[in-house]
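Dear colleague,

I am handing over the structure below, with the sequence alongside it, and after it you will find notes on what came out of going through it. Please read them with the structure open beside you.

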Amino acid sequence: LREVSDRVDDGFFGIDNEWQFTYLNARAESLLQRDAEELIGQTVWEEFPEAITRAFYERYHRAMETQEPVDFEEYFPPLGIWFQVRAYPSDTGLSVYFEDVTERKEREQELERYERVFENVSDMIAVLDENDEFVLVTPSLAERLGYDRGELIGAHVSAVAGETTVEESYELGRELVDEPPGSTRQWETEIITADGDLLPVELEFSLLETDAGDHQTLCAVRDISELADTREELADQRDRFQYLFEYIPDPVVEVEFVDGEPVVRSTNSAFTDVFGHDQSAIEGRSLNELILLPGQQAAATDLDEEAIEGNVQRAELRRLTVDGPRQFLFRGLPYDTGEEGVWGFGIYTDISEQKRHEQQLQVLNRILRHNLRNDLNVVIGLAEHLAGDSDDPESVERANELVSQARSLVDLGDK
């Protein structure tokens, strides 16, 4: 018995019906930090009185009273050790096998604390083992996916991730193995809910090394459904804007203000047609160098400064086109991009024909007023002559009224 007990890895001791030690193997001496010689013949409860208040006392007595084996784990404070104990009773006493399971218990306690944290955090987090099966899942993640937590624990990650996502996670995991501890990888993908819907998410991976040298994967999940919707809406708006930008009949140019100068970044086809400059040829050049007429630089600089300050501009101005100078109604719409500074759109509506018609009307108006004034002066002269030659009071009154009305018309024409 001594040779067999000394060869086992567990600690072993025997006690008789009086709770006195009858034998201890070498491993028991090491674990209990006592020599067999000083313990044999001594009562276990006197040598280790702290055991009386622990499970050792109750379980050993139960085994002796029932003559049934007991198996339990208990912590022994004086030694700072967790023991796994198996006690086998007989008519003559008790055979006790025990081993140090402190490391395992500490890992389990750490895992329990970890699980309690998982129970209460609001973030969506999961832990996968080396087989990519769920070990831990926060309630918030399970709820968002439409599962009970128990349904996910032990399930393979493919239950909630498509083939592409799984392959991406494998690749990132392989990269992280060679990275320093704490390194992470992020990417956006879609995972699958219990209803089969696709949920846009951002995943952040990091690796946790186990005591066995394997790796578990800590995965933080962020729902980006609103972000995805916003991106889609912005993409639609960008497409609509691009369509409007390209097909609006007026020339449009987009500029970036660099050191106060409007630098061309994009133009629509109407701009090319009117001003004769293709976007690829003028991108990165100053707009003022391309379309200003001599003597216009100072006024153009004032407009640029207004735009840089964020003010919308509206002005009538002349610019150089493929057909020579033409008149435009200009609208400048600046916008601040933040880090990239101030950009803006310039819209040029050709009003050359409108201005030409206005000038024609002004000339015609001057001619009409001149002719009307001459004719009315003749009428006034005749009416005054009639008033001076007539002896009839009524005729004189009417002639004077005619003179007054005619003079009023002359004054109205001069305004």
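Arg265 is partly exposed, since its relative accessibility is 25%, and in this predicted model Arg265 forms a salt bridge with Glu256, with 2.8 Å between the closest N and O atoms. Glu256, by contrast, counts as buried, because its relative accessible area is 15% and the limit for that word is under 20%.

The surroundings of this pair are worth following in sequence. Strand 11 (residues 252-258) pairs with strand 12 in the antiparallel sense, over six bridges, and within that pairing Val253 stands opposite Thr267 of strand 12. The two strands form a hairpin with two residues between them, where Asp259 takes a positive phi near 55°. Strand 12 (residues 261-267) is mostly covered, as five of its seven residues are buried.

Salt bridges occur elsewhere too, and the structure holds 19 of them. Glu175 and Arg185 meet through their side chains at 3.0 Å, N to O. Because Glu175 lies in helix 9 (residues 163-177) and Arg185 in strand 8 (residues 185-192), this pair ties together parts that are 10 residues apart in sequence. Glu175 is partly exposed at 32% relative accessibility, and Arg185 is also partly exposed, with a relative accessible area of 21%. Another salt bridge joins the side chains of Arg34 and Glu38, at 3.1 Å from N to O; here Arg34 is buried at 19%, whereas Glu38 is partly exposed at 40%. There is also a network of salt bridges that links Glu73, Arg104, Lys105 and Glu108.

Helix 9 deserves a paragraph of its own. Its 15 residues should span 21 Å at 1.5 Å a residue, and the C-alpha atoms at its ends are indeed 21 Å apart, so the expected and the modelled span agree. The residues of helix 9 that are buried are Thr165, Val166, Ser169, Leu172, Gly173 and Leu176. These buried residues cover an arc of only 130° around the axis, and therefore they sit on the same side of helix 9. On the other side of helix 9, Glu163 and Thr164 are exposed. The cover over the buried residues includes strand 8 and strand 9 (198-209).

As for the interior, nonpolar side chains in soluble globular proteins tend to be buried together. The largest nonpolar core here has 30 residues, of which Phe13, Tyr60, Phe83, Leu94 and Phe98 touch the most other members. Helix 5 (residues 55-66) gives the most to this core, contributing five residues. If the neighbours within four places in sequence are left aside, Phe13 is in contact with Phe21, Tyr23, Leu24, Leu32, Tyr60, Leu94, Ser95, Val96 and Phe98. A second core, separate from that one, has 24 residues, among them Leu145, Leu152, Leu199 and Cys219.

One further residue may be useful when you look at strand 10 (residues 215-223), namely Thr217, which is found in that strand. Thr217 counts as buried, because its relative accessibility is 11%. Beyond the neighbours within four places in sequence, Thr217 is in contact with Ala126, Val127, Leu128, Phe205, Ser206 and Leu207.

With best regards

Conventions:
Residues are numbered from 1 along each chain as its sequence is written. This is a predicted model: local features need pLDDT of at least 70, side-chain atom pairs count only at pLDDT 80 or more; totals for chains, interfaces and linings use all residues. Side-chain values use heavy atoms; hydrogens and water are left out. A nonpolar core is a set of buried Ala, Val, Leu, Ile, Met, Phe, Trp, Tyr and Cys residues joined through side-chain atoms within 4.5 Å. Buried means under 20% relative accessible area, exposed over 50%, partly exposed in between (1.4 Å probe, protein chains only). Helices (H or I, at least four residues) and strands (E, at least two) are DSSP runs, numbered from the N terminus. Contact means heavy atoms within 4.5 Å. A salt bridge is a side-chain nitrogen of Lys or Arg within 4 Å of a carboxyl oxygen of Asp or Glu. Two strands pair if DSSP finds at least two bridges between them. The expected span of a helix is 1.5 Å times one less than its number of residues. The arc is that of the directions from the helix axis to the C-beta atoms.
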